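This briefing introduces a single protein to a reader who is new to structural description. Please look over the sequence and the model before reading the points that follow.

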Amino acid sequence: MVAAIEMEIEDGVIWVYGVGEDGIQAFTDFGIENLIELIRMYKENPEWLKRWQSE
C-alpha cells in the first residue's frame with residue numbers, strides 16, 4: 001500500500017519478523033487510525049499519488 005510506505009514507527013507501524021529474515025509490516029491500533037486518515041487524504045487529493053513523468 002502506497003500510503004503505508006510513508007509511515008514511521010511513531011505513526012504506529014511496526015515490522016514483525018519470523019524465522020530468519022522474513023518480515024511483514026503491521027500496525028498498532030494507533031497506526032490503523034493513521035493509515036485510515038492517510039487514505040482519506042489521498043482520496044481527497046488523488047493528484048498526490050501521480051508519478052513523475054520522465055521527459
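About how much area does the protein expose, and what share of it do carbon and sulfur atoms supply? The protein exposes about 5,000 Å², and carbon and sulfur atoms supply 58% of that area. The model is predicted.

**Overall organisation**

- The protein contains two helices and two strands, and from the N terminus on these elements follow the order α-β-β-α.
- Of the 55 residues in the protein, 16% are buried.
- Considering contacts between residues at least 6 apart in sequence, 30% of them join residues that are at least 24 apart.

**Helix 2**

- Helix 2 covers residues 29-44, and its 16 residues should span 22 Å at 1.5 Å a residue, because the expected span counts one less than the number of residues.
- The end C-alpha atoms of helix 2 are 23 Å apart, which agrees with that expectation.
- Four residues of helix 2 are buried, namely Gly-31, Leu-35, Leu-38 and Tyr-42.
- These buried residues fall within an arc of 60 degrees when seen down the axis of helix 2, so they line one face of the helix.
- On the other side of helix 2, the residues Asp-29, Glu-33, Ile-36, Lys-43 and Glu-44 are exposed.

**A nonpolar patch on the surface**

- Ile-14, Val-16 and Ile-24 form a nonpolar patch on the surface of the protein.
- Together, the three residues of this patch have about 250 Å² of accessible area.
- One of them, Ile-24, belongs to strand 2, which comprises residues 23-27.
- Ile-24 has a relative accessibility of 55%, and it therefore counts as exposed, the cut-off being over 50%.

**The surroundings of Asp-11**

- Asp-11 is located in the loop between helix 1 (2-5) and strand 1 (13-17).
- With a relative accessible area of 26%, Asp-11 is partly exposed, because this value lies between the limits of 20% for buried and 50% for exposed residues.
- Which residues does Asp-11 contact, leaving aside its neighbours within four places in sequence? They are Glu-6, Phe-30, Gly-31 and Asn-34.
- Gly-31, one of these contacts of Asp-11, is also among the buried residues of helix 2.
- Asp-11 and Phe-27 are 16 residues apart along the chain, and their C-alpha atoms are separated by 8.9 Å.

Key. Residues are numbered from 1 along each chain as its sequence is written. This is a predicted model: local features need pLDDT of at least 70, side-chain atom pairs count only at pLDDT 80 or more; totals for chains, interfaces and linings use all residues. Side-chain values use heavy atoms; hydrogens and water are left out. Buried means under 20% relative accessible area, exposed over 50%, partly exposed in between (1.4 Å probe, protein chains only). The arc is that of the directions from the helix axis to the C-beta atoms. Patches are made of residues with over 30% relative accessible area and no salt bridge: like charges are joined within 9 Å, nonpolar side chains (Val, Leu, Ile, Met, Phe, Trp, Tyr) within 5 Å. Accessible areas come from the Shrake-Rupley method with a 1.4 Å probe; for residues, only the protein chains shown count as cover. A salt bridge is a side-chain nitrogen of Lys or Arg within 4 Å of a carboxyl oxygen of Asp or Glu. Contact means heavy atoms within 4.5 Å.
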